[in-house]
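Reader: Pick one part of this model and walk me through it up close. I'd like to know what is tucked away there, what sits around it, and how it fits into the rest.

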Amino acid sequence: MAPVRYVVYGAGAVGGVIGAHLHLVGLPTTLVARGAHLDRVRADGLVLDTDDGRRAVAVPAAAGAADVAWTDDTVVLLTVKSHQTDAALDDLVAHAPPGAVVVVAQNGVANEAAVLRRFARTYAVCVMLPALHLEPGVVVQKCWPTPGILDVGRFPSGSDDVADRVAADLRTAGFESVARPDIMAWKHRKLLVNAVGDVSTLLPTGPEADQLAAAVLAEGEAALAAAGIPVVTAEQDDVRRGDVLRPRVDIADFRGNSLAQSITRGLPTEIDYRVGEIVLLGRLHGVATPASERVLRELK
Ligand SMILES: NC(=O)C1=CN([C@@H]2O[C@H](COP(=O)(O)OP(=O)(O)OC[C@H]3O[C@@H](n4cnc5c(N)ncnc54)[C@H](OP(=O)(O)O)[C@@H]3O)[C@@H](O)[C@H]2O)C=CC1
Ligand SMILES: CC(C)(CO)C(=O)C(=O)O
(Lines give C-alpha, C1' and ligand atoms only; values in the text may rest on other atoms or scores of the structure.)
(Ligands and ions follow the chains in the order given, each with its own letter.)
Protein backbone atom coordinates (compact mmCIF):
# COMPACT_ATOMS: atom_id res chain seq x y z
CA MET A 1 0.00 0.00 0.00
CA ALA A 2 1.26 3.50 -0.86
CA PRO A 3 2.24 5.95 1.90
CA VAL A 4 -0.72 7.44 3.72
CA ARG A 5 -1.68 10.59 5.60
CA TYR A 6 -2.84 10.38 9.20
CA VAL A 7 -5.58 12.25 10.98
CA VAL A 8 -5.39 11.65 14.73
CA TYR A 9 -8.92 12.37 15.96
CA GLY A 10 -8.61 13.26 19.66
CA ALA A 11 -5.12 14.58 20.38
CA GLY A 12 -5.10 13.92 24.13
CA ALA A 13 -2.75 11.57 25.97
CA VAL A 14 -2.69 8.68 23.50
CA GLY A 15 -3.53 10.61 20.33
CA GLY A 16 -1.08 13.38 21.16
CA VAL A 17 1.83 11.01 21.79
CA ILE A 18 1.10 8.98 18.65
CA GLY A 19 0.54 12.08 16.50
CA ALA A 20 3.69 13.80 17.73
CA HIS A 21 5.86 10.79 16.94
CA LEU A 22 4.29 10.26 13.49
CA HIS A 23 4.94 13.92 12.68
CA LEU A 24 8.50 13.81 14.05
CA VAL A 25 9.48 11.07 11.58
CA GLY A 26 7.98 13.02 8.68
CA LEU A 27 4.70 11.16 8.19
CA PRO A 28 1.99 13.63 7.16
CA THR A 29 -0.16 14.01 10.26
CA THR A 30 -3.00 16.30 11.35
CA LEU A 31 -4.32 16.34 14.90
CA VAL A 32 -7.97 16.99 15.70
CA ALA A 33 -8.31 18.78 19.02
CA ARG A 34 -10.55 21.33 20.69
CA GLY A 35 -10.80 24.08 23.27
CA ALA A 36 -7.77 25.50 25.06
CA HIS A 37 -5.71 22.47 24.03
CA LEU A 38 -6.26 23.24 20.33
CA ASP A 39 -5.44 26.91 20.90
CA ARG A 40 -2.13 26.02 22.59
CA VAL A 41 -1.16 23.47 19.96
CA ARG A 42 -1.86 25.95 17.19
CA ALA A 43 0.02 28.75 18.93
CA ASP A 44 3.07 26.92 20.30
CA GLY A 45 3.01 23.39 18.89
CA LEU A 46 2.13 20.27 20.84
CA VAL A 47 4.45 19.95 23.82
CA LEU A 48 5.66 16.35 24.07
CA ASP A 49 7.02 15.49 27.51
CA THR A 50 9.38 12.50 27.49
CA ASP A 51 12.31 11.18 29.52
CA ASP A 52 14.41 13.53 27.38
CA GLY A 53 12.52 16.62 28.57
CA ARG A 54 9.93 18.72 26.78
CA ARG A 55 9.90 19.72 23.14
CA ALA A 56 7.32 21.57 21.06
CA VAL A 57 6.22 19.61 18.02
CA ALA A 58 4.80 21.79 15.24
CA VAL A 59 2.19 19.33 14.06
CA PRO A 60 -0.82 20.80 12.20
CA ALA A 61 -4.04 20.84 14.21
CA ALA A 62 -7.68 21.00 13.10
CA ALA A 63 -10.81 21.89 15.05
CA GLY A 64 -12.83 19.05 13.54
CA ALA A 65 -13.27 16.94 10.44
CA ALA A 66 -14.54 19.93 8.44
CA ASP A 67 -11.17 21.55 9.01
CA VAL A 68 -9.13 18.65 7.56
CA ALA A 69 -7.84 18.59 3.97
CA TRP A 70 -9.08 15.07 3.18
CA THR A 71 -7.38 12.86 0.61
CA ASP A 72 -8.30 9.35 -0.51
CA ASP A 73 -5.24 7.93 1.23
CA THR A 74 -6.06 9.38 4.67
CA VAL A 75 -6.15 7.02 7.63
CA VAL A 76 -8.01 8.20 10.73
CA LEU A 77 -6.65 7.12 14.10
CA LEU A 78 -9.55 7.45 16.51
CA THR A 79 -8.22 8.30 19.97
CA VAL A 80 -11.11 9.95 21.82
CA LYS A 81 -12.53 8.33 24.96
CA SER A 82 -15.16 5.66 24.26
CA HIS A 83 -18.06 7.84 25.42
CA GLN A 84 -16.89 10.48 22.90
CA THR A 85 -16.88 8.09 19.94
CA ASP A 86 -20.43 8.76 18.69
CA ALA A 87 -19.90 12.52 18.45
CA ALA A 88 -16.56 12.03 16.71
CA LEU A 89 -18.18 9.63 14.23
CA ASP A 90 -21.01 12.06 13.47
CA ASP A 91 -18.37 14.63 12.59
CA LEU A 92 -16.32 12.18 10.51
CA VAL A 93 -19.34 10.89 8.60
CA ALA A 94 -20.27 14.47 7.72
CA HIS A 95 -16.84 15.41 6.34
CA ALA A 96 -14.49 12.45 5.72
CA PRO A 97 -14.58 10.40 2.49
CA PRO A 98 -17.00 7.45 2.93
CA GLY A 99 -14.18 5.05 2.04
CA ALA A 100 -11.87 6.38 4.74
CA VAL A 101 -9.95 3.89 6.84
CA VAL A 102 -10.72 4.34 10.55
CA VAL A 103 -8.36 2.74 13.06
CA VAL A 104 -9.74 2.45 16.59
CA ALA A 105 -6.84 3.21 18.94
CA GLN A 106 -8.94 3.17 22.12
CA ASN A 107 -9.48 0.89 25.08
CA GLY A 108 -12.66 -1.12 25.39
CA VAL A 109 -14.22 -3.40 22.80
CA ALA A 110 -17.38 -1.49 21.82
CA ASN A 111 -15.91 1.26 19.65
CA GLU A 112 -15.08 -0.98 16.69
CA ALA A 113 -18.70 -2.00 16.03
CA ALA A 114 -19.81 1.63 16.38
CA VAL A 115 -17.22 2.64 13.78
CA LEU A 116 -18.07 -0.26 11.45
CA ARG A 117 -21.70 0.93 11.33
CA ARG A 118 -20.39 4.10 9.70
CA PHE A 119 -17.12 3.11 7.96
CA ALA A 120 -16.67 -0.24 6.19
CA ARG A 121 -12.89 -0.12 6.51
CA THR A 122 -12.53 -0.42 10.29
CA TYR A 123 -9.34 -1.51 12.06
CA ALA A 124 -8.41 -1.90 15.72
CA VAL A 125 -5.29 -1.23 17.75
CA CYS A 126 -4.53 -2.83 21.11
CA VAL A 127 -3.23 0.26 22.91
CA MET A 128 -0.46 -0.38 25.41
CA LEU A 129 0.74 3.20 25.73
CA PRO A 130 0.70 4.78 29.16
CA ALA A 131 0.32 8.51 28.64
CA LEU A 132 -1.06 11.58 30.34
CA HIS A 133 -2.81 14.77 29.32
CA LEU A 134 -3.66 17.11 32.19
CA GLU A 135 -2.47 20.47 30.87
CA PRO A 136 -3.70 22.18 27.67
CA GLY A 137 -1.05 21.90 24.98
CA VAL A 138 0.94 19.17 26.75
CA VAL A 139 1.02 15.39 26.47
CA VAL A 140 3.22 13.18 28.62
CA GLN A 141 4.73 9.92 27.43
CA LYS A 142 5.05 7.78 30.54
CA CYS A 143 7.36 5.07 29.20
CA TRP A 144 10.80 5.12 27.63
CA PRO A 145 12.60 4.58 25.34
CA THR A 146 9.71 2.92 23.49
CA PRO A 147 6.52 4.91 24.11
CA GLY A 148 4.15 2.01 23.57
CA ILE A 149 3.04 -1.20 21.88
CA LEU A 150 0.37 -0.66 19.23
CA ASP A 151 -0.49 -3.90 17.43
CA VAL A 152 -3.13 -3.51 14.74
CA GLY A 153 -5.59 -5.64 12.78
CA ARG A 154 -8.75 -5.45 10.72
CA PHE A 155 -12.08 -5.54 12.53
CA PRO A 156 -13.69 -7.95 13.22
CA SER A 157 -10.68 -10.05 12.19
CA GLY A 158 -8.04 -10.43 9.54
CA SER A 159 -5.06 -8.52 8.32
CA ASP A 160 -4.25 -6.84 5.04
CA ASP A 161 -2.01 -4.28 3.41
CA VAL A 162 -3.62 -1.42 5.37
CA ALA A 163 -2.86 -3.10 8.70
CA ASP A 164 0.68 -3.80 7.48
CA ARG A 165 1.14 -0.18 6.37
CA VAL A 166 -0.13 1.26 9.66
CA ALA A 167 2.02 -1.13 11.71
CA ALA A 168 5.07 -0.24 9.59
CA ASP A 169 4.46 3.49 10.03
CA LEU A 170 4.00 3.10 13.78
CA ARG A 171 7.30 1.22 13.94
CA THR A 172 8.97 3.99 11.95
CA ALA A 173 7.60 6.43 14.53
CA GLY A 174 9.26 4.48 17.36
CA PHE A 175 6.43 2.27 18.62
CA GLU A 176 6.37 -1.50 18.71
CA SER A 177 3.69 -2.67 16.31
CA VAL A 178 2.80 -5.75 14.29
CA ALA A 179 -0.29 -6.58 12.26
CA ARG A 180 -2.40 -9.31 13.89
CA PRO A 181 -5.42 -11.08 12.35
CA ASP A 182 -6.88 -11.71 15.83
CA ILE A 183 -6.49 -8.21 17.24
CA MET A 184 -9.83 -8.32 19.11
CA ALA A 185 -8.64 -11.33 21.15
CA TRP A 186 -5.81 -9.07 22.33
CA LYS A 187 -8.21 -6.21 23.01
CA HIS A 188 -10.41 -8.50 25.10
CA ARG A 189 -7.40 -9.38 27.27
CA LYS A 190 -6.69 -5.64 27.54
CA LEU A 191 -10.31 -5.17 28.63
CA LEU A 192 -9.65 -7.52 31.55
CA VAL A 193 -6.37 -5.73 32.35
CA ASN A 194 -8.23 -2.41 32.42
CA ALA A 195 -11.06 -3.80 34.58
CA VAL A 196 -8.48 -4.96 37.12
CA GLY A 197 -6.84 -1.53 36.85
CA ASP A 198 -10.18 0.06 37.70
CA VAL A 199 -10.03 -1.68 41.08
CA SER A 200 -6.77 0.13 41.83
CA THR A 201 -8.48 3.41 40.99
CA LEU A 202 -11.20 2.55 43.51
CA LEU A 203 -9.20 1.08 46.40
CA PRO A 204 -5.72 1.57 47.86
CA THR A 205 -3.25 -1.30 47.52
CA GLY A 206 -3.97 -4.05 50.05
CA PRO A 207 -5.82 -7.32 50.64
CA GLU A 208 -9.29 -5.89 49.89
CA ALA A 209 -8.09 -4.53 46.54
CA ASP A 210 -6.34 -7.82 45.73
CA GLN A 211 -9.48 -9.85 46.46
CA LEU A 212 -11.70 -7.53 44.47
CA ALA A 213 -9.30 -7.51 41.51
CA ALA A 214 -9.14 -11.32 41.50
CA ALA A 215 -12.94 -11.50 41.57
CA VAL A 216 -13.30 -8.97 38.72
CA LEU A 217 -10.77 -10.92 36.66
CA ALA A 218 -12.55 -14.23 37.30
CA GLU A 219 -15.91 -12.69 36.36
CA GLY A 220 -14.44 -11.22 33.19
CA GLU A 221 -12.88 -14.54 32.16
CA ALA A 222 -16.18 -16.34 32.87
CA ALA A 223 -18.28 -13.80 30.98
CA LEU A 224 -16.00 -13.95 27.92
CA ALA A 225 -16.03 -17.76 28.02
CA ALA A 226 -19.84 -17.84 28.30
CA ALA A 227 -20.09 -15.44 25.37
CA GLY A 228 -17.69 -17.57 23.33
CA ILE A 229 -15.44 -14.57 22.73
CA PRO A 230 -11.81 -15.41 21.93
CA VAL A 231 -9.28 -13.87 24.27
CA VAL A 232 -5.52 -14.34 24.41
CA THR A 233 -4.16 -15.66 27.68
CA ALA A 234 -2.58 -13.50 30.35
CA GLU A 235 0.68 -15.32 29.57
CA GLN A 236 0.51 -14.36 25.88
CA ASP A 237 -0.14 -10.77 26.92
CA ASP A 238 2.85 -10.86 29.30
CA VAL A 239 5.12 -12.23 26.60
CA ARG A 240 4.02 -9.51 24.17
CA ARG A 241 4.69 -6.79 26.74
CA GLY A 242 8.05 -8.24 27.77
CA ASP A 243 10.04 -5.38 29.25
CA VAL A 244 9.16 -2.95 26.45
CA LEU A 245 7.13 -0.55 28.58
CA ARG A 246 9.63 0.93 31.02
CA PRO A 247 7.98 3.47 33.32
CA ARG A 248 9.78 6.79 33.64
CA VAL A 249 11.14 7.29 37.14
CA ASP A 250 10.93 11.09 36.95
CA ILE A 251 7.10 11.12 36.86
CA ALA A 252 6.43 8.62 39.62
CA ASP A 253 4.09 11.14 41.24
CA PHE A 254 1.32 10.24 38.77
CA ARG A 255 0.87 6.51 38.58
CA GLY A 256 -2.83 6.53 37.77
CA ASN A 257 -4.31 5.14 34.58
CA SER A 258 -6.40 6.93 31.95
CA LEU A 259 -9.56 6.54 34.04
CA ALA A 260 -7.86 8.27 36.97
CA GLN A 261 -6.79 11.00 34.54
CA SER A 262 -10.44 11.71 33.66
CA ILE A 263 -11.36 11.80 37.34
CA THR A 264 -8.46 14.18 38.06
CA ARG A 265 -9.70 16.44 35.25
CA GLY A 266 -13.26 16.35 36.61
CA LEU A 267 -14.53 14.78 33.38
CA PRO A 268 -16.88 11.87 32.69
CA THR A 269 -15.07 8.52 32.56
CA GLU A 270 -15.03 5.49 30.28
CA ILE A 271 -16.04 3.18 33.12
CA ASP A 272 -19.09 1.80 31.25
CA TYR A 273 -16.70 0.53 28.56
CA ARG A 274 -14.16 -0.98 30.97
CA VAL A 275 -15.43 -2.89 34.01
CA GLY A 276 -18.94 -1.96 32.77
CA GLU A 277 -18.39 -4.12 29.68
CA ILE A 278 -17.90 -7.14 31.94
CA VAL A 279 -21.15 -6.36 33.72
CA LEU A 280 -22.90 -6.13 30.34
CA LEU A 281 -21.38 -9.38 29.05
CA GLY A 282 -22.36 -11.11 32.30
CA ARG A 283 -25.96 -9.95 31.95
CA LEU A 284 -26.10 -11.00 28.29
CA HIS A 285 -24.67 -14.45 28.93
CA GLY A 286 -25.96 -15.42 32.36
CA VAL A 287 -22.81 -14.87 34.44
CA ALA A 288 -23.11 -13.19 37.84
CA THR A 289 -20.71 -10.23 38.14
CA PRO A 290 -21.17 -8.81 41.68
CA ALA A 291 -17.56 -7.67 42.07
CA SER A 292 -17.58 -5.88 38.70
CA GLU A 293 -20.95 -4.32 39.54
CA ARG A 294 -19.50 -2.97 42.78
CA VAL A 295 -16.55 -1.36 40.98
CA LEU A 296 -18.86 0.09 38.33
CA ARG A 297 -21.32 1.44 40.91
CA GLU A 298 -18.66 2.97 43.17
CA LEU A 299 -16.66 4.59 40.36
CA LYS A 300 -19.68 5.81 38.40
N1 LIG B 1 -3.98 7.59 28.66
C2 LIG B 1 -3.53 6.34 28.66
O3 LIG B 1 -2.54 6.04 29.35
C4 LIG B 1 -4.18 5.30 27.85
C5 LIG B 1 -5.40 5.50 27.23
N6 LIG B 1 -5.94 4.50 26.45
C7 LIG B 1 -7.21 4.70 25.79
O8 LIG B 1 -7.04 5.66 24.75
C9 LIG B 1 -8.28 6.36 24.53
C10 LIG B 1 -8.01 7.84 24.68
O11 LIG B 1 -7.64 8.08 26.03
P12 LIG B 1 -6.76 9.32 26.47
O13 LIG B 1 -5.81 9.67 25.40
O14 LIG B 1 -6.25 9.02 27.82
O15 LIG B 1 -7.89 10.43 26.57
P16 LIG B 1 -7.74 12.03 26.54
O17 LIG B 1 -8.96 12.57 27.18
O18 LIG B 1 -6.41 12.41 27.09
O19 LIG B 1 -7.73 12.34 24.99
C20 LIG B 1 -8.88 12.40 24.20
C21 LIG B 1 -8.82 13.73 23.50
O22 LIG B 1 -9.84 13.78 22.50
C23 LIG B 1 -10.43 15.06 22.59
N24 LIG B 1 -11.74 15.01 21.96
C25 LIG B 1 -12.80 14.26 22.31
N26 LIG B 1 -13.83 14.47 21.49
C27 LIG B 1 -13.41 15.40 20.60
C28 LIG B 1 -14.02 16.05 19.52
N29 LIG B 1 -15.29 15.77 19.16
N30 LIG B 1 -13.30 16.96 18.82
C31 LIG B 1 -12.03 17.26 19.15
N32 LIG B 1 -11.39 16.66 20.19
C33 LIG B 1 -12.08 15.75 20.90
C34 LIG B 1 -10.49 15.32 24.06
O35 LIG B 1 -10.79 16.67 24.35
P36 LIG B 1 -11.40 17.05 25.81
O37 LIG B 1 -10.26 16.91 26.77
O38 LIG B 1 -11.86 18.44 25.59
O39 LIG B 1 -12.51 16.06 26.09
C40 LIG B 1 -9.08 14.90 24.46
O41 LIG B 1 -8.14 15.91 24.21
C42 LIG B 1 -9.24 5.83 25.57
O43 LIG B 1 -10.00 4.78 25.02
C44 LIG B 1 -8.31 5.26 26.66
O45 LIG B 1 -8.91 4.25 27.44
C46 LIG B 1 -5.30 3.31 26.25
C47 LIG B 1 -4.11 3.07 26.84
C48 LIG B 1 -3.46 4.01 27.71
C1 LIG C 1 -3.02 0.48 31.81
C2 LIG C 1 -2.85 1.45 30.68
C3 LIG C 1 -1.99 2.62 31.08
C4 LIG C 1 -2.04 0.68 29.63
O5 LIG C 1 -1.62 1.34 28.52
C6 LIG C 1 -4.20 1.83 30.18
O7 LIG C 1 -4.73 1.14 29.35
C8 LIG C 1 -4.96 2.99 30.70
O9 LIG C 1 -4.40 3.86 31.36
O10 LIG C 1 -6.18 3.04 30.42
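Author: Let's start with a word we'll need: a residue is buried when its relative accessible area is under 20%, exposed when that is over 50%, and partly exposed in between, using a 1.4 Å probe and protein chains only. Helices (H or I, at least four residues) and strands (E, at least two) are DSSP runs, numbered from the N terminus. One caveat before going in: this is a predicted model, where local features need pLDDT of at least 70 and side-chain atom pairs count only at pLDDT 80 or more, while totals for chains, interfaces and linings use all residues. As for bookkeeping, residues are numbered from 1 along each chain as its sequence is written, chains are lettered from A and ligands numbered from 1 in the order in which they are written, and side-chain values use heavy atoms, with hydrogens and water left out.

The part I'd pick is helix H5, residues 161-172. Its expected span is 1.5 Å times one less than its number of residues. For the 12 residues of H5 that gives 16 Å, and the end C-alpha atoms are indeed 16 Å apart, so the two agree. The buried residues of H5 are Val162, Ala163, Val166, Ala167, Ala168, Asp169 and Leu170.

So what covers them? Contact here means heavy atoms within 4.5 Å. By that test, the cover over the buried residues of H5 includes helix H1 (13-24) along with strands S1 (5-9), S6 (74-78), S7 (101-104), S8 (121-128) and S12 (149-154).

Zoom in on valine 166, which is found in H5. With a relative accessibility of 1%, valine 166 counts as buried. Setting aside residues up to four places away in sequence, valine 166 touches Tyr6, Val75 and Val152. Take Val75: valine 166 and valine 75 are 91 residues apart in sequence, yet their C-alpha atoms are 8.6 Å apart in space.

Now back up along the chain from H5. Proline 156 lies in the loop between S12 and H5, and a cis peptide bond joins phenylalanine 155 to proline 156, with omega about 5 degrees. Another cis bond links tryptophan 144 and proline 145, this time with omega about -15 degrees; proline 145 lies in the loop between strand S11 (143-144) and S12. For context, most peptide bonds are trans.

Phenylalanine 155 also leads us to one of the covering strands. Valine 104 and phenylalanine 155 are 51 residues apart in sequence and 9.3 Å apart in space, C-alpha to C-alpha. Valine 104 is found in strand S7 and counts as buried at 0% relative accessibility. Not counting residues up to four places away in sequence, valine 104 touches a whole list of residues, including Leu78, Val115, Tyr123, Val125 and Lys187.

S1 and H1 are in the cover too, and glycine 12 is in the loop between them. At 18% relative accessibility, glycine 12 counts as buried. Beyond residues up to four places away in sequence, glycine 12 touches Val17, His133 and Val139. Glycine 12 and glycine 153 are 141 residues apart in sequence and 23 Å apart in space, C-alpha to C-alpha.

Finally, here's the whole that H5 belongs to. The protein has 11 helices and 13 strands. Its radius of gyration, taken over C-alpha atoms, is compared with a globule rule of 2.2 Å times the number of residues to the power 0.38. The protein comes out at 18 Å, close to the 19 Å that the rule gives for 300 residues, so it is as compact as a globular protein of that length. Along the principal axes, the C-alpha atoms fill a box of roughly 50 × 40 × 35 Å. Buried residues make up 55% of the 300 residues. Of the contacts with a separation of 6 or more, 72% are between residues 24 or more positions apart; the pairing of valine 166 with Val75, 91 residues apart in sequence, fits in here.
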